[in-house]
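Colleague: I would like to go through this model term by term. Please set each value against its cut-off.

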2 protein chains.
Amino acid sequence: MIILDYKDKRPIFEQVTEKLKRLICKGVIAPEEKLPSVRNMAVELSINPNTISRAYQQLEGEGYIYSVKGKGSFVAAEEEIMRLKCSEYKHALGAIISDGKAQGFSAQDIINLINETVKEVYND
Amino acid sequence: MIILDYKDKRPIFEQVTEKLKRLICKGVIAPEEKLPSVRNMAVELSINPNTISRAYQQLEGEGYIYSVKGKGSFVAAEEEIMRLKCSEYKHALGAIISDGKAQGFSAQDIINLINETVKEVYND
DNA sequence: TTAGTGTATTAAAACAATTAATACAGTTAA
DNA sequence: TTAACTGTATTAATTGTTTTAATACACTAA
């Protein structure tokens, strides 16, 4: 389900958090679907259960999953995922566009660059 | 010139690198302009000269500045800065748009979101 | 009851970032 | 030439964070 990259300098719990979040956002793990148990996932990745637990707690804090003692951890409801997904995406877009403005790109510059890029990305 | 954020979890040398890069991209520090010496900047920020040196070496590796023993460190030529700036910006845009595609947003979704955001950002 | 869940705690180990003290090599101006 | 300034390099010690490890607790389900 996940492959760790030990060349990546980021902490493992952060890698796990981010990769799970992507799988959830892409719909690979569906809303309300059960995630692997903390211990199973730890065995799968050959790391400590505490590290997985930390990733799950991070995701729960952000709203992407919810955990129930004795039952397991589950992806949040579809509406919630959609809400978070859009919110994070708009935030990221806002950041990069503000950055472009700060660097002196005009609104038209950016729109042109983006149209170009969208075409490239969606024609693959 | 730079203010460090000790609540930021990123390493200091990385913060310095990133903040200097932004100042250079914004033109606050002009092409060919001399940067503060490693030791002066270290005193200014109350950190170790080695940490500043590391940031400068990072920026030199990326092409944003060049350092000359005995003389100092200088922002690269205007054309070089422009080249790097555009290249990094396009790369960042490509990443976020690919991400949007992966999450199931259509090209039109993204274009709409971006037009919205550009308007917001440029009307402040 | 038994086996499976998530969670919490504490200590130790491992790793990366930072500091510190020096030293070296080059430039510039008095 | 000398003095003061540059960037760079090295090594050791310190610090903080991440990760592991070993347990324990509380809850659920068959």
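The exchange below takes up symmetry, interface, cores, one arginine and the DNA surface.

Modeller: This is a predicted model, where local features need pLDDT of at least 70, side-chain atom pairs count only at pLDDT 80 or more, and totals for chains, interfaces and linings use all residues. Residues are numbered from 1 along each chain as its sequence is written, while chains are lettered from A and ligands numbered from 1 in the order in which they are written.

Colleague: What makes the relation that of a two-fold axis?

Modeller: Chain A superposes on chain B by a rotation of 180 degrees, with 0.1 Å of shift along the axis and an RMSD of 0.2 Å. The fit is by least squares on the C-alpha atoms of residues with pLDDT of at least 70 in both copies. That is the relation of a two-fold axis.

Colleague: How do you know that the copies meet through the same surface?

Modeller: Contact requires C-beta atoms, placed from the backbone, within 7 Å. By that test, 26 residues of chain A are in contact with 26 residues of chain B. Of the interface residues of chain A, 100% are also interface residues in chain B, so the surface is the same.

Colleague: Which element gives the largest share of the side of chain A that touches chain B?

Modeller: α4(A), with 12 residues. Helices here are DSSP runs of H or I, at least four residues, and strands are runs of E, at least two, numbered from the N terminus.

Colleague: What makes a set of residues a nonpolar core?

Modeller: Its members are buried Ala, Val, Leu, Ile, Met, Phe, Trp, Tyr and Cys, joined through C-beta atoms within 7 Å. Buried means 20 or more other C-beta atoms within 10 Å; exposed means 12 or fewer; partly exposed lies in between. The largest core has 17 residues, and B:I24, B:I65 and B:V75 have the most contacts inside it. Beyond four places in sequence, B:I24 touches B:I29, B:Y64, B:V75 and B:I81.

Colleague: Why is A:R10 called exposed?

Modeller: A:R10 has 10 other C-beta atoms within 10 Å, so A:R10 is exposed. A:R10 is found in the segment before α1 of chain A.

Colleague: What puts a residue near DNA strand C?

Modeller: Its C-beta atom, placed from the backbone, must lie within 6 Å of the strand. Of the 26 residues around DNA strand C, A:S37, A:S67, B:P11, B:I12 and B:G70 come nearest. The largest share of that surface, 6 residues, comes from α3(A).

Methods
Two residues are in contact if their C-beta atoms, placed from the backbone, lie within 7 Å.
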